[in-house]
Structures are given as structure tokens and as C-alpha cells.
Amino acid sequence: AEHTIVVEVVDTKGTLSIGSVTINNDPNGTLEFTNVYNMDGEGEVTLSGTKTLTGDRTAVEAGEFEFGLYDAEGKLLETVKNDANGSFTFSKLTYDETDVEIDGETEFTYTVKEIAGDNSRYTYDQTVYTVKVLVEDNNAGGINVTHTITENGEEAKIVFENTYSDPDPVTYTPNALKHYNKAMDGGEFTFKLEGEIAGQKIEQTKKNDAEGNVQFDALSFPE
């Protein structure tokens with residue numbers, strides 16, 4: 001801005017003094033300069049994590065587990081699944097100058113959790129990770145976006161660890177009944193059970209009792 005100042009100097013019997021001052025033709029005018037500071041910038045945060053598996057199986061299959069990103073009110077924003085390496089990544093969180101006041105800062109809070117499935121073979125990780133994103137005026141016309149990830153107040157990386165347990169085998173006990181048109185004392189007849197379960201050969205030899213019952217040992221069938 002440009003201002004015009006007119007100063008009237010008065011000579012009173014050899015003594016100089018200021019008679020009047022006008023600024024922009026206004027005796028009551030003031031010198032004012034106004035600048036406008038504008039912010040124009042963008043920033044982003046990409047959250048990712050890892051799924052690991054322990055127990056009777058350690059290999060993770062693609063799409064096997066699901067994870068959720070929630071806002072500060074607990075609203076589910078997005079769900080993603082792991083890849084074959086156990087990695088998962090949420091869509092970018094983006095921010096711009098509308099997210100922060102001039103000379104200010106705004107904090108956004110999120111949580112990341114695993115969405116437990118219904119497979120009883122897994123013990124699902126219940127860890128909750130807290131993500132805080134800080135958007136700040138960088139005092140240079142743009143914004144700074146930084147974030148922290150914590151678990152129970154401690155800085156952390158997002159890792160969910162599940163435990164896999166093989167199911168208990170099911171059992172079957174074969175039995176037979178010997179029919180004979182003569183009274184039996186037991187042990188007159190011999191019965192043989194042969195087969196294979198999960199690559200293991202099965203062989204049992206039993207005899208009847210006095211009622212003709214033939215009881216074999218229980219057979220165990222794994223997964």
C-alpha cells in the first residue's frame with residue numbers, strides 16, 4: 001500500500017513547529033499496512049502393518065485375516081486383508097489447509113484393530129494400536145503432517161500375532177457282532193482290522209466275547 005503524508009510547518013517568530021499533519025488527506029488518518037497470509041498445501045499418512053502366525057501353523061495365506069481402521073468415535077473407516085507375506089496397507093489419509101487454523105495445529109486420532117474371525121483354530125490378537133496425526137501450519141504457507149503409533153502409550157509398529165492350534169483328532173471305535181448258531185464261550189473267532197489313517201498303517205486283531213461282541217481299539221482321525 002502507498003500513503004501520502006502532508007506535514008505543514010509553521011514559522012512563529014523564528015520558531016518552527018508542526019502545524020498539521022494529514023495522511024491521505026485525512027487529518028485523523030493513520031498509517032496501516034495489511035498483509036494476508038495464506039496456506040495452500042497437502043499432506044498424507046499411509047498406515048500399514050504385519051500379520052504373523054505362531055503355533056501348529058506359521059504360514060500366512062493371502063486374504064486370511066482382516067483389519068480395521070477406526071476414527072476417534074469408533075466408526076469403521078476401512079477394512080483391508082493381508083497379502084501372502086502377512087502385510088496389509090490402508091488407503092492414504094489425506095489432509096490440506098482446511099484441516100488447520102493459521103498458526104495452529106490439529107490432531108486426528110485413529111485406532112487399528114484386527115477383526116476377529118470365527119475359526120476356533122485361531123487365537124486372534126486383540127491389540128489396539130492408537131494412531132495420532134498432527135497437522136500444523138508450517139509458517140511458510142504450507143502444512144506439516146506427522147504421525148505416531150502407540151500401544152498402551154508406548155511407541156510401536158503395527159503387528160498382529162495370532163496363534164494357530166491344530167484341532168483335536170476325532171475318534172471312532174469300530175465294533176462287530178458275531179452270529180453263531182451255537183453257544184459261544186468267547187475267543188473262538190479271530191477278527192482283523194486293517195487300513196491306513198493319514199499315512200499310518202492300522203492293524204488290530206481281536207476275538208469275540210461270549211455274547212459274540214468284537215470290540216476294536218478306538219481309531220484316531222487327525223485333520
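**Entry 1. Contacts and overall form**

I began with the contacts in the chain that have a separation of 6 or more, and found that residues 24 or more positions apart account for 55% of them. I note here that the model is predicted. I then looked up the secondary structure, which comes to zero helices and 20 strands.

Next I checked the dimensions. The C-alpha trace spans about 160 × 25 × 25 Å along its principal axes. I recorded a radius of gyration of 41 Å for the chain, whereas a compact globule of 223 residues would have one near 17 Å.

I also looked up the surface. The accessible surface of the chain comes to about 15,100 Å², and 45% of this belongs to carbon and sulfur atoms. Of the 223 residues, 25% count as buried.

**Entry 2. The nonpolar core**

I turned to the largest nonpolar core and found that it has 27 residues. Which residues have the most contacts inside it? I noted Leu47, Phe90 and Val112. Two or more residues come from each of strand 5 (66-70), strand 8 (93-96), strand 9 (105-115), strand 11 (128-137), strand 12 (143-151) and strand 14 (159-164). Strand 11 gives the most, with four residues.

I followed Phe90 further. Leaving aside neighbours within four places in sequence, I found Phe90 in contact with Thr46, Leu47, Phe67, Gly68, Leu69, Glu78, Val80 and Val112. Both Leu47 and Val112 in this list are also among the residues with the most contacts inside the core.

**Entry 3. A nonpolar patch on the surface**

In soluble globular proteins, nonpolar side chains tend to be buried together. I therefore looked for nonpolar residues on the surface as well, and found a patch formed by Ile5, Val7, Val9, Leu16, Ile18, Val21, Leu31 and Phe33. Together these residues have about 770 Å² of accessible area. Strand 1 (5-12) and strand 2 (15-23) each give two or more residues to the patch.

I took Leu16 as one case from the patch; its place is in strand 2. Is Leu16 buried or exposed? I recorded Leu16 as exposed, because its relative accessible area is 60%, and the cut-off for exposed is over 50%.

**Entry 4. Glu161**

Lastly I looked up Glu161, which lies in strand 14. Glu161 has a relative accessible area of 46%, so I entered this residue as partly exposed. Not counting residues up to four places away in sequence, Glu161 touches Lys51, Thr52, Thr54, Thr123 and Asp125. I also noted Glu114, 47 residues from Glu161 along the chain, with a separation of 9.8 Å between their C-alpha atoms.

Terms used:
Residues are numbered from 1 along each chain as its sequence is written. This is a predicted model: local features need pLDDT of at least 70, side-chain atom pairs count only at pLDDT 80 or more; totals for chains, interfaces and linings use all residues. Side-chain values use heavy atoms; hydrogens and water are left out. A nonpolar core is a set of buried Ala, Val, Leu, Ile, Met, Phe, Trp, Tyr and Cys residues joined through side-chain atoms within 4.5 Å. Buried means under 20% relative accessible area, exposed over 50%, partly exposed in between (1.4 Å probe, protein chains only). Contact means heavy atoms within 4.5 Å. Patches are made of residues with over 30% relative accessible area and no salt bridge: like charges are joined within 9 Å, nonpolar side chains (Val, Leu, Ile, Met, Phe, Trp, Tyr) within 5 Å. Accessible areas come from the Shrake-Rupley method with a 1.4 Å probe; for residues, only the protein chains shown count as cover. A salt bridge is a side-chain nitrogen of Lys or Arg within 4 Å of a carboxyl oxygen of Asp or Glu. The radius of gyration is taken over C-alpha atoms; the globule rule is 2.2 Å times the number of residues to the power 0.38.
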